[in-house]
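Let's take a walk through this structure together, starting with a strand and its neighbours and then moving on to a pair of helices. Keep the view open as you read.

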Amino acid sequence: MTQDSTTPASLSAGPPPPGPMAATGVPYPVTARATWLLAPNPGPMTFDGTNSWVLHEPGGHGAVIVDPGPDDPGHLAALVELATEQGGRVTAILLSHGHPDHSDGARETARLTGAPVLGARERWADQVIGPGPLDLGGLRVDVLATPGHSSDSLCFHLPAEQSLLTGDTVLGRSAPSILHPDGRVDETIDSLQRIAALLDGPGPAGAAPLILPGHGPLVPDPGGVLSFALVARESRLAQVEDAVRAGHDTVSAIADALYGPFDERIRRVIEMTVRAHLVYLHDRQRLARPVPIDG
Ligand SMILES: [Zn+2]
């Protein structure tokens with residue numbers, strides 16, 4: 001589950017232009033340590049598909065797979081082949097979060113490679129990881145807890161080159177969905193602010209900050225994209241606030257006022273998004289009238 005389907009029209013300046021995009025199934029070496037393999041699962045909630053990543057420390061032994069993506073035999077075989085080519089063997093499978101478009105292929109990838117699945121929840125990880133550094137076959141990965149899109153979201157920082165794998169916390173286009181009750185607007189804002197601080201400035205040897213997102217193109221201007229995301233979030237909150245003030249007093253009426261008309265197949269997702277924003281506004285006493293969250 002990825003995107004909040006529209007960008008608020010009230011934002012006059014658009015986001016910074018997106019970076020390059022991979023072609024499905026074609027390995028794309030992005031940095032000295034990260035190669036991108038786009039999975040074949042495009043859709044309304046996954047954009048072009050899930051971005052899977054192979055990480056490998058130059059001169060080190062072993063490779064790491066981040067977000068195997070869907071349980072697609074061709075994609076998983078290509079991912080394992082790529083990782084094995086680079087590192088000789090796969091030492092770990094990292095999950096940015098448990099949403100199925102990122103994690104469905106993790107079990108099969110573990111079976112194919114014998115590598116453990118590392119993530120924030122024991123429900124789907126062999127090894128639960130939290131904030132802090134990991135040494136994976138000589139590759140240093142700093143784990144950040146970045147709840148908001150989901151409560152179990154992690155980002156993976158490669159401090160040697162100032163790049164950050166963000167899963168669905170920051171996307172290459174548009175804004176990630178925040179689906180009540182697992183997703184929270186306050187946590188999203190806090191996570192984006194912490195990522196902006198982390199990527200504010202070059203890394204070792206002047207390496208420019210770079211975001212490797214879970215969907216969509218590369219983000220070569222993290223500062224610009226994060227500032228835009230924070231402004232867009234406040235704009236969305238203000239729209240919900242205005243809709244309530246204008247008399248819309250149910251979740252579905254607010255969803256229609258803000259997003260309509262839309263494909264009814266995504267109504268449930270849109271209403272979960274509206275609920276997440278209502279919770280934030282309610283907690284800050286910004287609602288002109290009470291709106292039943294479950295109505
Ligand atoms: Zn997700």
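Leu-158 stands opposite Ser-163 in β12, the strand covering residues 163–167. Strands here, like helices, are DSSP runs numbered from the N terminus (at least two residues of E for a strand, at least four of H or I for a helix). What you're looking at is a predicted model, where local features need pLDDT of at least 70, side-chain atom pairs count only at pLDDT 80 or more, and totals for chains, interfaces and linings use all residues. Residues are numbered from 1 along each chain as its sequence is written.

β11 and β12 pair antiparallel over three bridges; pairing takes at least two DSSP bridges. Together they make a hairpin with four residues in between, and Gln-162 in that turn has a positive phi of about 60 degrees. β11 also runs antiparallel to β10 (residues 139–145), joined by four bridges, with Ala-145 opposite Leu-154.

In a regular strand, side chains alternate between the two faces of the sheet. So which residues of β11 are buried on each side? Leu-154, Phe-156 and Leu-158 are buried on one, Cys-155 and His-157 on the other. Buried means 20 or more other C-beta atoms within 10 Å of a residue's own, with C-beta atoms placed from the backbone; 12 or fewer is exposed, and in between is partly exposed.

Now the helices. The axes of α4 (residues 185–198) and α5 (residues 222–245) come within 10 Å and cross at roughly 160 degrees. Axes are lines fitted to C-alpha atoms over the stretch in contact, with angles from 0 to 180 degrees between N-to-C directions. The two helices are therefore roughly antiparallel, the word for angles over 145 degrees.

Technical notes. Angles under 35 degrees count as roughly parallel, over 145 as roughly antiparallel, 65 to 115 as roughly perpendicular and the rest as oblique.
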